[in-house]
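Please work through the following exercises on a single protein chain. Each task is followed by a solution that goes step by step.

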Amino acid sequence: MIRFSQTLSQPKLKQGILATIGNTPLVQLQYLYPAYNVSIFAKIESFNPGGSIKDRTAESLLVDAMKTGQVQRDTTIIESSSGNMAIGLAQLCLKHGLKLIVVVDPNVNPQTLKILKTYSAKIEMIDCIDDSSYLNVRLAKVQALLKKIPNSFWPNQYANLANPQAHYHTMREIAEVLHHDVDFLFAATSTCGTIMGCAEYIRQHEMHTKVVAVDALGSIIFHQKSGSRLIPGHGAGRASQLLDRSQVSKVIHVSDKQCISGCHHLLHKEAILAGGSSGAVVHAVGHMLPQIPDGSRCAMILCDSGERYLDTIYSPEWVEHNFGRVETEMTKLSEWYDTHENEI
């Protein structure tokens, strides 16, 4: 007779899809960097219903605006996004019966555009660039649309304090699972809402955690030289209005190539298919590990799934076309198959 375990937790009934936002799994990664005596934990934000950490942000911004009366049933929501925030807002707006216009740029993933259209969002694509960045052009378009469309509202993920408030709870979830014993937290930066919300929880609870910001090479968030970037989701072409630099212990800048390598390393070591900013975080952890004391506990936030990057980061043709040869576990495996084709 087969005996089934009675120790599994009872599934809880959720009232609607939006009730599943947050409380994402924290997973220990045992094979990512096995040469180091360090415990590494990953917060898997792709488990949110819209597939990314931006579901938390979108919910916080929109619910706050509805509570304060800035958004009514006939309000049109207008926001700039590189992808995930747009999807989070699209799902929320569809659920609440609100119209949504999303301003995106050519770096947005094709899969993201298909998802947005499926959620009934209207897409405004900008086609020019300003100082190696699309962001300022996107924001100018948002302002033009706000003037043109009556009863419209800009959630403004870039400056709205409801953004970091959402991620205060992200850190609370991490801290409670690890009994507030976290030595390092690695998180990608863009609006800086995630890292500032986490840092505020750490500060209020007097945790000893060092906050490591992972920024894109070519981003100006931490006063680096502006440069072109192909992988969306982290970094920015303008200064953050939410950032408090004093709460960040260290900044690591990661190139697009290093993002790609990090994504493939995570996939082939832990079978986790994650997006570009997650690859950046994986690379940053590996870069810093030689400086991290033995026995430390490191938490990192993996913001989204890699399914929306199958035509870019996980496409050997796209990678080679844009970056030349990038050594990854995937290329090594592909070469092995080619060499042993007659044996298989």
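The exercises below concern a predicted model and treat one residue, two pockets and several salt bridges in turn.

**Exercise 1. The setting of Thr-112**

Task: Determine in which helix Thr-112 lies, whether Thr-112 counts as buried or exposed, and which residues Thr-112 touches beyond its sequence neighbours.

Solution.
1. Locate the residue in the secondary structure: Thr-112 belongs to helix α3, which covers residues 110–118.
2. Compare its accessibility with the cut-off: buried means under 20% relative accessible area. Thr-112 has a relative accessibility of 2% and therefore counts as buried.
3. List the contacts, leaving aside residues up to four places away in sequence: Thr-112 touches Gly-83, Ile-87 and Arg-308.
4. Add a distance for reference: Tyr-201 is 89 residues from Thr-112 in sequence, and their C-alpha atoms are 31 Å apart.

**Exercise 2. The largest pocket**

Task: State the volume of the largest pocket, identify the residues closest to its centre, and find which helix gives the most to its lining.

Solution.
1. Begin with the volume, which is about 600 Å³ for the largest pocket.
2. Turn to the lining: 40 residues line this pocket, and Ser-82, Ser-190, Gly-233, His-234 and Gly-235 are the closest to its centre.
3. Assign lining residues to helices: at least two come from each of α2 (84–96), α4 (135–148) and α6 (193–204). The most is given by α6, with three residues.
4. Sort the lining by residue class: 19 residues are polar, 16 are nonpolar and five are charged.

**Exercise 3. The second largest pocket**

Task: Describe the second largest pocket by its volume, its central residues and the classes of residue in its lining.

Solution.
1. The volume of the second largest pocket is about 230 Å³.
2. Its lining comprises 15 residues, and those closest to the centre are Arg-56, Glu-59, Ser-60, Ala-166 and His-169.
3. Helices α1 (54–67) and α5 (162–177) each contribute at least two residues to this lining.
4. By class, the lining of the second largest pocket holds six charged, five polar and four nonpolar residues.

**Exercise 4. Salt bridges between separated parts of the chain**

Task: State how many salt bridges a search of the whole structure finds. Then place the pairs Lys-43 with Glu-173, Arg-138 with Asp-105 and Asp-181 with Arg-297 in the chain.

Solution.
1. Over the whole structure, the search finds nine salt bridges.
2. Consider Lys-43 and Glu-173, whose side chains form a salt bridge with an N to O distance of 2.8 Å. Lys-43 lies in strand β2 (residues 39–44) and Glu-173 in helix α5, so this pair ties together parts 130 residues apart in sequence. Lys-43 and Glu-173 are both buried.
3. Consider next Arg-138 and Asp-105, whose closest N and O atoms are 2.5 Å apart in a salt bridge. Arg-138 is in helix α4 and Asp-105 in the loop between β4 (99–104) and α3, with their positions 33 residues apart in this link of distant parts of the chain. Both partners, Arg-138 and Asp-105, are buried.
4. Consider finally Asp-181 and Arg-297, where the closest N and O atoms of the salt bridge are 3.7 Å apart. Asp-181 is in the loop between α5 and β7 (184–188) and Arg-297 in strand β10 (residues 297–302), so the pair ties together parts 116 residues apart in sequence. Asp-181 is partly exposed, at 30% relative accessible area, and Arg-297 is partly exposed, at 21%.
5. Conclude with the network: Lys-43, Glu-45, Arg-56 and Glu-173 are joined into one by salt bridges that share partners.

Note on methods
Residues numbered from 1 in each chain as written. Predicted model: local features only at pLDDT ≥ 70, side-chain atom pairs only at ≥ 80, totals over all residues. Heavy atoms only, no water. Helix = DSSP H or I, 4+ residues; strand = E, 2+ residues; numbered from the N terminus. Buried < 20%, exposed > 50% of the residue type's maximum accessible area, 1.4 Å probe, protein only. Contact = heavy atoms within 4.5 Å. 1 Å grid on protein atoms, 1.4 Å probe; cavity = no way out; pocket = protein on both sides within 12 Å on 5 of 7 lines; lining within 4 Å. Points joined across faces, edges and corners; volume = space filled by probe spheres on them. Nonpolar A, V, L, I, M, F, W, Y, C, P; charged D, E, K, R; others polar. Salt bridge = Lys/Arg side-chain N within 4 Å of Asp/Glu carboxyl O.
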